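Me: I'd like to understand how the labels on a protein model are earned. Could we look at one together and ask about them in turn?

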Amino acid sequence: MTLPTTALGTGGPVVGSQGLGCMGMSEFYGPTDTAEALATLDAALAAGVTLFDTADVYGSGHNEELIGPFVRANRDRVVLATKFAIERRADDPSYRGVRNDPAYVRAAVDASLRRLGVEVIDLYYMHRRDPRVPLAESVGAMAELVQAGKVRHLGLSEVTGDELRAAHAVHPIAALQSEWSVFSRDVERTAVPAAAELGVAFVPYSPLGRGFLTGAFTAAEQLAADDYRRSHPQFSGENAARNAALVAPIQKVAAERGVTAAQVALAWVHQRAEVHGLTVVPIPGTRKRTRLAENTAAATLRLTAAELAALEPVAGQVTGDRYADMTFTSAGRE
């Protein structure tokens, strides 16, 4: 099966209807097998995946360096997305800062281009919004990158509907990337309606709830000591126990259809396009070819009205925040 294609927003590039999140190939989700990760990139392209998503913060630049050779070898077929804004420090592995000032934007894009070994980035996202910097300054600096030929299209991540409208008024925004899944639907309050109104594509990250919706784990304690998900309130303590029970409706639909829970969760996200009237290109992350085949098969799985109705109440029953600190999410600023 080869994925169908869609335009990534008004005037944006044509991509496969499902992308690939590459973050876990470098860090955050426990040990990784580099050879298998690279084989997964090739398998994704063969399956019709053309949108490959990375960021400068993933592995402190390692992820861009990892996928760089693959991107260069397939440059005419790959739509490359990367991001700036989250700052890390070599002397403090736990430090996370957010910078949107124009000088940082200019320095970050040059560093990403160097690590990736390419001349232009197809889609460049502001990874997180720093409210201390006027949005017009940040997006204005990003627009200059387009004019300079370093970037083709602009994207934003975790912004509110009003912030998306303000940014779009400075320069067209092709895509908005934020968390969106059957477990996490806060973006439907303002961000999704604004994207639909403006013709901006929505690129849901963590459409499988970071593996929680697949049954890969039911509590943070089951994860490796350095696994980033251990810090998420939804996966810890009583929250985890309550939320694990909410996966049951997904598993029930999957069992009745003879598919996996992951495929049901992804199909739900794909069908948001029709529900809300906008382009939706989820980017489930995986490091394994078997999971990739499972995920891409979900792009053409159609859930019935009854199945969608069974999943409708799930998000409203989830306990715990998406992040320990919600300050830099769209929900944290609404």
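Me: Why is Q177 called buried?

Reply: Happy to help! Keep in mind that this is a predicted model. Q177 has a relative accessibility of 3%, and buried means under 20%. Since 3% falls under that cut-off, Q177 counts as buried.

Me: Where is Q177, and what does Q177 touch?

Reply: Q177 is part of strand 10, which covers residues 175-179. Leaving aside residues up to four places away in sequence, Q177 touches D53, K83, Y125, L156, S157, E158, V203, Y205 and I283.

Me: What makes the pairs of Q177 with D53 and Y125 polar contacts?

Reply: A polar contact needs a pair of N or O atoms within 3.5 Å, one able to donate a hydrogen and the other to accept it. The side chains of Q177 and D53 make such a contact at 2.9 Å. With the side chain of Y125 the value is 3.5 Å, so this pair also meets the cut-off of within 3.5 Å.

Me: E158 is on that contact list. Where does E158 lie, and why is E158 called buried or exposed?

Reply: E158 lies in the loop between strand 9 (151-157) and helix 5. Its relative accessibility is 0%. Buried means under 20%, so E158 counts as buried. The backbone here is worth a look too: E158 has a positive phi of about 55° although it is not a glycine.

Me: Which other residue has a positive phi although it is not a glycine, and where is it found?

Reply: A85 is one, with a positive phi of about 130°. A85 is found in the loop between strand 5 (79-84) and strand 6. At 0% relative accessibility, A85 counts as buried.

Me: Why is A169 called exposed?

Reply: Exposed means over 50% relative accessible area. A169 comes out at 68%, so the label exposed applies. A169 lies in helix 5, which spans residues 161-170. A169 and A136 are 33 residues apart in sequence, and their C-alpha atoms are 8.8 Å apart in space.

Me: How do you know that strand 10 and strand 11 are paired?

Reply: Two strands pair if there are at least two bridges between them. Strand 10 and strand 11 are joined by 5 bridges and run parallel, so they meet the rule. One example is L176, whose bridge partner in strand 11 is F202.

Me: What makes strand 3 and strand 11 edge strands?

Reply: Let's start with the whole sheet. It is an open sheet of 7 strands in the order 3-4-5-8-9-10-11, with parallel pairing. Strand 3 (20-21) and strand 11 (201-205) each pair on one side only, and these are the edge strands. Strand 3 is joined to strand 4 (residues 51-53) by 2 bridges, which is exactly enough for "at least two". L20 has F52 in strand 4 as its bridge partner.

Me: Why is strand 11 described as covered on both faces?

Reply: Side chains in a regular strand alternate between the two faces of the sheet. On one side of strand 11 are A201, V203 and Y205, and on the other are F202 and P204; all of these are buried. That agrees with the count for strand 11, where 5 of its 5 residues are buried.

Me: What makes helix 9 "mostly covered"?

Reply: Helix 9 (residues 261-270) has 10 of its 10 residues buried. Among them are W268 and H270. The buried residues of helix 9 pack against strand 11, helix 8 (248-257), helix 10 (272-276), helix 11 (289-297) and helix 12 (305-311).

Me: How do you know which parts line the second largest pocket?

Reply: A lining residue has an atom within 4 Å of a pocket point. For the second largest pocket there are 15 such residues, and D56, I86, E87, R88 and Y104 lie nearest its centre. Helix 3 (102-116) and strand 6 (86-89) each supply at least two lining residues, and helix 3 gives the most, with 5 residues. The lining has 8 nonpolar, 2 polar and 5 charged residues, and the space in this pocket is about 260 Å³.

Me: What joins strand 6 to strand 7?

Reply: A hairpin of 2 residues makes the connection. The two strands run antiparallel, with 3 bridges between strand 6 and strand 7 (residues 92-98). E87 stands opposite G97 in strand 7.

Terms used. Residues numbered from 1 in each chain as written. Predicted model: local features only at pLDDT ≥ 70, side-chain atom pairs only at ≥ 80, totals over all residues. Heavy atoms only, no water. 1 Å grid on protein atoms, 1.4 Å probe; cavity = no way out; pocket = protein on both sides within 12 Å on 5 of 7 lines; lining within 4 Å. Points joined across faces, edges and corners; volume = space filled by probe spheres on them. Helix = DSSP H or I, 4+ residues; strand = E, 2+ residues; numbered from the N terminus. Nonpolar A, V, L, I, M, F, W, Y, C, P; charged D, E, K, R; others polar. Buried < 20%, exposed > 50% of the residue type's maximum accessible area, 1.4 Å probe, protein only. Contact = heavy atoms within 4.5 Å.
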